[in-house]
Amino acid sequence: MTSEKGSVFSPVFATLHATAFAETARWTEDAFTQLFATPGTEALLASVEEEPVGFILVRSVLDEAEILTLAVVPEWRRHGIARKLLQRLEQELDQKQVRKLFLEVSTTNTPAKKLYTSTGFITAGIRKRYYEDGSDAIVMAREITKA
């Protein structure tokens, strides 16, 4: 797993995102480039045999961070990639003295909800009709424990 901070990787992230999400939810290369231009935004890239298979994108401000997106290509789901990305993210955030991590997940995304719940996230609220498909978002949060 590598930590990436530059927009030079935007094409890689856009390609992975396109493979992992429905067409209406995909982020473009330009969207990733703009996000990387925002202070505090960085990503962890997961690879298997030097082939990118997933990533997590996060934005940190002071002692809080938000997961903007997490993507794993379909053929590598259920292999622990997302869980390893979350674990590595927690280690990196702890080093930066980030103490709280937030995310939004669709009420329709059962596998992601199970992953987040199993890694210590709790429901903090609901955003009605947050996603393009009209589904609600569950706002989840967890404390970052010291490594």
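**Figure 1. The lining of the largest cavity.** The residues that line the largest cavity are E42, A43, L44, V58, L89, E92, L93 and K96. Two elements, strand 2 (41-48) and helix 3 (81-95), each give two or more residues to this lining. Sorted by class, the lining has five nonpolar and three charged residues, with no polar ones. The space inside the largest cavity is about 40 Å³. How many cavities of 30 Å³ or more are there? The count comes to one. Please keep in mind, here and in the views that follow, that this is a predicted model.

**Figure 2. L101 in the largest nonpolar core.** Here we turn to the core. The largest nonpolar core has 40 residues, and the ones that touch the most other members are L101 and Y116. Which residues does L101 contact, once its neighbours within four places in sequence are left aside? The list runs through V58, A65, E66, I67, L89, L93, F121, M140, A141, R142 and I144. If you have just come from Figure 1, you will recognise V58, L89 and L93, which also belong to the lining of the largest cavity. As a general point, nonpolar side chains in soluble globular proteins tend to be buried together.

**Figure 3. The two sides of helix 2.** Helix 2 covers residues 29-36, and its buried residues are F32, L35 and F36. Why do they line one face of the helix? Looking down the axis of helix 2, you find its buried residues within an arc of 95°, so they share one face. On the face turned away from this buried side sit D30 and Q34, which are exposed.

**Figure 4. E49, a loop residue with positive phi.** The loop between strand 2 and strand 3 (51-61) is home to E49. Its phi is near 50°, a positive value in a residue other than glycine. Is E49 buried or exposed? With a relative accessibility of 77%, E49 counts as exposed, because the cut-off for that label is over 50%.

**Figure 5. L62, another loop residue with positive phi.** This view moves along to the loop between strand 3 and strand 4 (64-72), where L62 has its place. Phi of L62 is near 55°, again a positive value in a residue other than glycine. L62 is a leucine, which belongs to the nonpolar class, yet its relative accessibility is 78%, so L62 counts as exposed.

How values were computed:
Residues are numbered from 1 along each chain as its sequence is written. This is a predicted model: local features need pLDDT of at least 70, side-chain atom pairs count only at pLDDT 80 or more; totals for chains, interfaces and linings use all residues. Side-chain values use heavy atoms; hydrogens and water are left out. On a 1 Å grid over the protein atoms alone, a cavity is a set of points where a 1.4 Å probe fits but cannot get out, and a pocket is an open set with protein on both sides within 12 Å along at least five of seven lines; lining residues have an atom within 4 Å of a point. Grid points are joined across faces, edges and corners, and a volume is the space filled by probe spheres set on the points. Helices (H or I, at least four residues) and strands (E, at least two) are DSSP runs, numbered from the N terminus. Buried means under 20% relative accessible area, exposed over 50%, partly exposed in between (1.4 Å probe, protein chains only). The arc is that of the directions from the helix axis to the C-beta atoms. A nonpolar core is a set of buried Ala, Val, Leu, Ile, Met, Phe, Trp, Tyr and Cys residues joined through side-chain atoms within 4.5 Å. Contact means heavy atoms within 4.5 Å.
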